[in-house]
Every structure is written in structure tokens, then in C-alpha cells.
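Here are my notes on this structure, set out point by point. Please read them with the coordinates open.

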Amino acid sequence: MTAVISPDTHHDDAHEAHDHHGPTGVLKWLTTTDHKIIGLSYTVTAVLMLVIGGFFAELIRVQLSAPYEHFLSFAQYNEVFTMHGSIMIYLFAGPMAFGALANIIVPIQIGAPDMAFPRLNALSYWLYLTGSITMLSGFFVSGGAANFGWVGYAPLSNAANSPGAGADLWIGALLLTGFSAIFTGVNICATVFYLRAPGMTLFRMPIFTWNLLVTSILILLAFPVLTAGLIMLYCDRHFGTHIFSVQGGGVPVLWQHIFWFWGHPEVYILALPFFGMVTEIIPVFSRKPVFGYKGMVFATLTIAALSLGVWAHHMFTTGVVLLPFFSIMSLLIAVPTGIKLFNWIGSMWRGQIWFSAAMLYAIGFVVTFLIGGLTGIYLASPPLDFFTHDTYFVVAHFHSVVMALVMGGIAGLYYWGPKITGYLLNETIGKIQFWFLFIGSQVFTLPLYILGLRGMPRRMAVYPNNPGWQHLNEIATIGAVLIGISTVLLVVNILVSWKKYPAGDNPWDGHTLEWFTTSPPPHHNFYRLPQIRSERPTWDYNHPEAPAIAHGTHEEK
Amino acid sequence: MEVQPSPPQGAGPQSTKHRRRWIAALIPLTALALSGCTLPSFGAYKSDTTTGQDSYRLWQWFSVGAVVIGTFTFLLIVWAVLRYRRKGDTIPKQSQYHIPLELLYTIIPVIIVGVLFWGTVVVENKVVAMPKTNVRIHVNAFKWGWGFTYPGQNAVVVGNTTQEPTMVMPVGTDVAVTITSTDVMHGFYIPQFNFSRYALPGVTNEVTFHAVKTGTFTGQCSQLCGLYHSLMYFKVKVVTVKQYTEWLHGFDTPAGKLAAQAAENALKIQMSAGLPVVSAVTAGVN
Amino acid sequence: MKIEARILLVLGLFFALMGTVYWVWSGENAGGMMIIAGGLLGFLPGSYYWWWSRRMPVRPEDRDGDVTEGAGFVGAFPGTSIFPFTLGVGAFFAVLSLVFGFWLMVPGLGLIVWAAIGGVAESRRGGTQ
């Protein structure tokens, strides 16, 4: 194995040398088209949204810690949980998944100098930022923010039932962030298809990049549908159309079809990037290649394929959908997901596991996701969904999943943060933070499963008729407080470790190309590249004596 | 009810015998599955309707699967984490593929999914079945309360957030319940019946309950419907057929008629504030 | 190029099949339409890649290419540009005009037009400054 390359080969750029001169300060931030700076802006904004959304979560949990709490009024409660869901899904999880780390890492992982459309990439960020401002500004208009749940079910979200600017701001914010997502999807697809380094065939791409490619395809399939639905909703509200209202011959359930046709692929759009992060982290810290690389890729593609046929499992109880079709499609999703889970275990098997903070989060992800995944299988069965739908069982299920995703995301921050900033985060605080987050997640979600089975519906501001639910709710609130502490610890850690622990180019003995370049990478990412002959070019370069071996192609040592 | 594998091409008597033995082995298993009483509840209600009990048994078997698979996978993770901690600077064997193993954990989940789907379809067909019956109740959901009318009878019950209405229904009889909404979407949810169904504007949903014992159960709106969603309760009172008939006749007396009239007016006011109820199903399938 | 084409075409084919099965079985138009449209979104770029994959030599990134083969002009990547921000703010005003009144469309459209002209001119100059 030899590293080839003189400084000026691959990323030769017609107009700029590597010593990049440009504006500094705020103007640099406003005008940059560098995917790393845009990605960093995304990361900071998304973490800020996590903090805001998390704050709303704490408000919800305080309100629910007693059967008839007066901490929030009914109206305030509806606004708070709507904004909690909207911020977490639209403004945190999505942008964190495909805007933040993806933006920074994907081009570097495939040896590209930047995204295919750098200015479009910058536009994505500005649309995301202005969309976030639009949504949050709902709190400052008369009538308050949107209050019809993050799903905005049609007759409730029409002009008669939800008048006011808050709902319109919600629609506007979704239009902006929706276009932001579409542009990012276009960008990642084009980058992966056209800007790979020589030798980086599709089946040598790191799993993270693979997952982002599939995510981007799903974005392009799903987000336009949401945008169309939002425009219809806006027309219903202001231009007197009757697409979703019965009086004019419209069909309210149509909104649910459109919304969930976006909404369920969206779940995988959120999940796949974090799956990818974990798939990068586990093998690196186990010092092994990804177990079943090709199986992993096909599992991801299968999830994408099936994801377009499962939306109505959110609508089983409407009574107007084809139950068996959506049931079998949803159940089948469990198969590729299971393959991924076993591949993660297989990657650890007989490895040399280093329990860095990033690895701890990755393992926490796998365990928490196991719980969330298994409880999801119940919901794919209509008879079982009939009595768990819209109860806290569903809330618990998807919070298990999203708490797992949060762990995956923080694993990514600990793992790739040093590459972006050049400095490591404090490992000890990271591990303490992990245990707060991991235990907090379980203490938070497990009581909610039981509450759901006892019959507690979602989106209840009070439960005066069921004082017996109080204790379980109190436990969940304690869990939420633990999660809150872990978030504070993350911020503390960033402040404490600020420019303290220099990382070096390859602190983790990484596998993929981003660990070949400097930390932080230069303006167009690489001064030189290694030969790419497997999905672990950096590993092959550093450990030429230990290439990956397939089962049966080697002698036992 | 058992799914029988279709015989392979040119299957001889031997394979038939083999299949018989297989079926014989399945019978006690199926019996156990149908009894279900030896299994823990896994947190769900045993339910007081026939279909609710079917769902409950399905729940138990899903849970058995989840617990077995979950425990197995969890132990694998724990073993990997404990056993393979980094001990030195050696590089472990760089094994990447193990095709038989990977096929195994693809095929076994597919089989499990097949079994779960089969159970789902069997139970689902019972839950959504609508046998012919004379006892009918019409549920009208509105912001924020419920109205129960009994087609062909004088009885009308209406209630809101300050006064929960009670839906009276007979035990041991198929009761057809039609559900609709006058304004936004609501969820007609009775936890102890293991059932919920949306009340949709413009659509009339139908479900059949067959209660197996008398008692009073709580129900409430499960789908966010605006400000007082959390207070949209109702009660379901399952009584003997005799009591049910007597209760219905109570509305035929002058006093009862007056009460029913008042309730109906209240319902009409609610409905005129909301939407006209279109009885035809305008959305989606059937 | 071939694998990219194949992935998209197979996805498109799967969506077309699934959509047909769903549409025929359920008779529900919105969902059937949306899955079929998803299939088209697979076929459109998929067949484009397929068409090109048969008409161009195998790219270095699709075989055991040597890193040096990537040398040379990759493309013009503008180092800095204010126009994405301008366009974003323009879109922001345009969306706010849906909420607070149509007059906000004036600055919104103005910024969008300015960004469109400026951005194109910038590309023609070669992408810097």
C-alpha cells in the first residue's frame, strides 16, 4: 500500500489554492460555501434546537407529574407539546441527521473536495435557520404557537378550529425546512454519485455515506409530498378550498395519507444517518471491519424500499385503510432492521473493544434501539395497534427509538467532533453524561409503556379520573430530569474541553478517509489521498498487514 | 386454522406421514396458544369482550416472541461487551463475512414475521367482523363530549366535559356500534375492551362488541381534538339484557321522553355548531 | 455508474410493483398515486444513469482507479458567496408574507430576484468573490 499524491492532484481547483483567503468573522459565516463550516453551523443550530425542545419536554413532564397539575394551562400545554414534537422532529432530528454531521463527513469520506453544489448547500442551511426562526416565532404572535400536535391533523388544523398566525407560521416553517431538506438530498445524491475519489466504488463507500445516500433518496421521495400537503392545507385555511373539509366535499383523512406518506419515510430519514454513525463507530472501536458490509447495504436499501409502503400503520384505527397490506409491510421492516442489529453485534464479536465515550454511546444506542424496535413490532399488528394507538405505549415506543438516535448522534459528536474542531472532548465527562442519558432514557420510557397499556392517551394535559397513573408519571419525570442533566453535561463538556485536548489526525485508529486528512481538514479537505481498495482505505494504509478477510477464505491462525 | 405447507412436487406417502406427525405436534401447541391463560399478561388488559380477548391472546404471543428475541439479543450484546474488552494492542482477526450466519439471521426473522402476520390476520378478521345484530348504538363525537343514540329507540344520552355520558349496552349480545364525528377527529377508546377507533367527520365507522360480563368501564377520547381533549371522558355500562330493555323503556315514559328530547336538542345544537354528518363513506377503502 | 443506475431502477421497479398491488387491492387513489409517482422518481434518474453508463468509459471511481487519475480540474467551487444567504432571506420574507400580509412579498421577491441574477453572474465569472 502506498500513499500517492502530491498536494495538487485530486482537489485541484481552478480558482483557489489551499491557502484560502476570504472574509473573516460574521461575513465569513454568512458567505461561506465550505461544507465543513455549513455543517458546523447546522450542528450548533441543531443542538440549540435540542436544548429548546428538551426544555419543552421538561415542561410537559412537570405538568404530568400530578393528575391535575396547574403548572400549564390547557392551551399552553397544547402549544408546548406541539412545539416539542415539531422542534424535535423538524428542527433537531432531521437537520442533525442529514444536515449536520452528514454535511461535514460525507464529502470527506468519499474523498471529495466539497459538496457537489456548495452554494445550494449554503442555501439549505439558511432555509433551515429561517425556518427554525419562523416556527419559534409562533410563541410571540397573538393566539400563540401552533397547538394541533406535530402531525397537524386536518379538521383540527383548519381555519375554523385553529385560527391565528401560529398555525400559519408552523406551515411556513415546514415549507422552508422542507425545501432545505430537499436541497440537501439533491446535494448528497449528486456528491455521492459524481464526486467520489478514484477507486472509491459504491461498494467501497463507508456505511455512513451509504446510509446518507439512501436517506437522500428517501428525502427526494417523501418531502415533496409534505410540501404539497402543506400548500393544500394553507389553501384550505386561507383561499377557501375544501380539500380536507367535509362541507365542501373534501376528505379529512387525505391529510393523514399525505402526511404519513412523508411521515413514515421521514422516520427512516431520521434513523438511517444515526444507524450509519453507529456503524462507523462500533467497528473502529472494536478494531474490526463492519461485519456483513454488503448485508448492511442491502438492509438499508430494503428499508428504503419498504418505507414507501408502510405509512398507513399510523392510520390503522381510522377504519378506512387496507389493514393486511400495511401490516405485512410494516412487519417486514423488522427483518432488515434485525440484520443491522446482528451486524452490529457481529462487528463487536471477537473484537478488541475500547470503551471510549463514543463507543459507550454506540452500545447504548444498540440496547435502547433494541427496546424501541421490539415494541414497534406490536404496532405493526392492527389488532394490537387498536388498543395501543394514540396511547403512551406509542409515545414510549418512539421515544425509545429517538432516545437511541440521540445517543447515536452524541456518539457521532464525540467521534467526529475532534476531526471537525481539532480537539477532543473530555472523556470522563462524556462517560458520566452517557450514564445519565442511558439510565434516564430507560427510566423515562419504561413507565410510559405501562401507562399506555393501562389506557393513558397521548396529549393529555390532565388525568383527573385516573390518579393511579401518578406514580408511573413521576418516575418518567425523574427520567426526563436525568436526560436534562445529561444535556447540560454535554454543553458543560464542550465548554470545559474548549481547545484543550489536541486530537491529532487519527485519534481513534479510524478506518475511513476522514481520518487520513488533518484535523480540522484543509479548505478542500485533502492534501493527499491513500490508494482506495476497500471500504477502509485509512486502515489499509496504517495496517497493511491486517486486511479484512471473508469467512472461509483464510486459514485459521 | 393451521397453515399447512403445500406438498412438494411428487410428494410421496412418506412426506404425508411426516406432515401428519408435524400436525400432531402442533395440536397441543395450538391448544396452549388458544388457552393463553398460563402466560403472563405482559401488562395488557384481559378484556371483557370476545374480540378484546382475542387481541389479548395475540398480545401475549407477540410478547413471548419479543421477550425471547429481546433477551437473546441483549445477552449477545452483554456477552460481546464483557468478553471482548480491549486487553492489549493486538489486532483481532479481521473477519468480515459469514454468509451462512447472515442468511440464518435473515431467514429466521422472515419466518417469525410470517407467523406473526398469520396470527395478526386471524385475530384482525375477528375484530373487524360485523355479524348481523339488532342491537345498534350510534356514537357521535363532538368538541368535547359524546352523544349516544339508539336507532329505532327513544333513548338518547349526551354528555360533555362536565358530565360524562354513559353508553349502556347489553351483555352476551353482539352490539353494533357506529361511530362518527361532527367536527374534528376524535378517538373512541375503551381501554378494557382493547379497542379504539377514530370518530371521523364525514365517515361512519362500525365495530361490533360482544361483552362477556357486566360492569362499568371508562372510555375517553384518544385523538387530540383541541383544548379540552383531556377531559373528554365517557362510561360504558354493560348490563344484562333484561336491564338493558328496561333502561330503553325508561325513555318511553313521558318523563323519559322529556329527558331524551332535551338530550337530543343538546346534541342537535352541538351538531349544528359542527358539521353535517354525511353517512356515506367518502374516504379510502370501502 | 451502472450500479447507481441499477439501484434506482430496482427501487423504481419495486415501487411500481408495490404501488400496483396496493392500488388494485385497496382502491385508494391518493396512496396508489403516490407510490407510483415514487416509482417514476426512481425510473427518471435511473434510466438517465443507465443511458449514460452505456455511452461512457468506466469512470475511475467505478473501478480500481488510481488516486492520481482524479487530478486535474474537478469543478469550480465558489469559495464564498453571499447569494445563498440573500436567497434564503428572500424565501424567509416570502413565507412570512403568507402569514403577516402580502406586502412582505415585495422585499422577499426583490431579494430572490437579486440573488438569482447575482448567483448566475457569479457562476459565469467562475464562482469566486
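1. Strand pairing in chain B, antiparallel side. Take the sheet in chain B first; bear in mind that this is a predicted model. Strand β10 of chain B covers residues 215–221. Six bridges tie β10 to β11(B), and the two strands run antiparallel. One pair to check is Gln220(B), whose bridge partner in β11(B) is Tyr233(B).

2. Strand pairing in chain B, parallel side. β11(B) spans residues 233–239 and also pairs with strand β5 of chain B, residues 166–170. Here the strands run parallel, and five bridges join them. Met167(B) has Val236(B) as its bridge partner in β11(B). β11(B) therefore has an antiparallel partner in β10 and a parallel partner in β5, by the rule that two strands pair when DSSP finds at least two bridges between them.

3. Domains of chain B. The domain assignment splits chain B in two. Domain 1 is made of two segments, 17–85 and 95–128. Domain 2 is a single run, 135–273. How many residues of domain 1 of chain B are in contact with domain 2 of chain B? Nine, and they meet 11 residues of domain 2. By class, the domain 1 side of that contact has two nonpolar, six polar and one charged residues.

4. The A–B interface. In chain A, 81 residues are in contact with chain B, where 75 residues take part. Helix α10 of chain A, residues 323–348, gives the largest share of the chain A side, with 14 residues. Sorted by class, the chain A side has 56 nonpolar, 20 polar and five charged residues. Compare the domain contact inside chain B: on its domain 1 side, six residues are polar and two are nonpolar.

5. A strand pair across the chains. Strand β3 of chain A, residues 549–550, pairs with strand β1 of chain B, residues 95–97. The two run parallel and are joined by two bridges. Ile549(A) stands opposite Ser95(B) in β1(B).

6. Overall form of chain A. Chain A has 16 helices and three strands. Its radius of gyration is 23 Å, and the globule rule gives 24 Å for 557 residues, so chain A is as compact as a globular protein of that length. The C-alpha trace spans about 70 × 50 × 45 Å along the principal axes. Of its 557 residues, 68% count as buried. Take contacts between residues at least 6 apart in sequence: 83% of them join residues at least 24 apart.

7. The core. How many residues does the largest nonpolar core have? It has 290. Val278(A), Ile281(A), Ala358(A), Tyr361(A), Ala362(A) and Ala411(A) have the most contacts inside it. Helix α8 of chain A, residues 252–286, gives the most to this core, with 22 residues. Ala411(A) is a good residue to inspect. Beyond its neighbours within four places in sequence, Ala411(A) is in contact with Met277(A), Val278(A), Ile281(A), Ala358(A), Tyr361(A), Ala362(A) and Phe365(A).

8. Gly54(A). This residue is found in helix α2 of chain A, residues 35–64. Is Gly54(A) buried or exposed? Gly54(A) is buried, because 21 other C-beta atoms lie within 10 Å and the cut-off is 20 or more. Leaving out residues up to four places away in sequence, Gly54(A) touches Gly484(A) and Thr487(A). The C-alpha atoms of Gly54(A) and Ala480(A) are separated by 8.9 Å, although the two residues are 426 apart along the chain.

9. Overall form of chain C. Chain C has four helices and zero strands, in the order α-α-α-α. Its radius of gyration is 22 Å, where a compact globule of 129 residues would have one near 14 Å. The C-alpha atoms fill a box of roughly 55 × 50 × 20 Å along the principal axes. Buried residues make up 38% of chain C. Among contacts between residues at least 6 apart in sequence, 58% join residues at least 24 apart.

10. Domains of chain C. The assignment gives domain 1 as 2–63 and domain 2 as 83–125. What distance separates the centres of domain 1 and domain 2 of chain C? Taken over C-alpha atoms, 34 Å.

Notes: Residues are numbered from 1 along each chain as its sequence is written. Chains are lettered from A and ligands numbered from 1 in the order in which they are written. This is a predicted model: local features need pLDDT of at least 70, side-chain atom pairs count only at pLDDT 80 or more; totals for chains, interfaces and linings use all residues. The radius of gyration is taken over C-alpha atoms; the globule rule is 2.2 Å times the number of residues to the power 0.38. A residue is buried if 20 or more other C-beta atoms lie within 10 Å of its own, exposed if 12 or fewer, and partly exposed in between; C-beta atoms are placed from the backbone. Two residues are in contact if their C-beta atoms, placed from the backbone, lie within 7 Å. A nonpolar core is a set of buried Ala, Val, Leu, Ile, Met, Phe, Trp, Tyr and Cys residues joined through C-beta atoms within 7 Å. Ala, Val, Leu, Ile, Met, Phe, Trp, Tyr, Cys and Pro count as nonpolar, Asp, Glu, Lys and Arg as charged, and the others, Gly among them, as polar. Domain bounds come from an automatic or database domain assignment.
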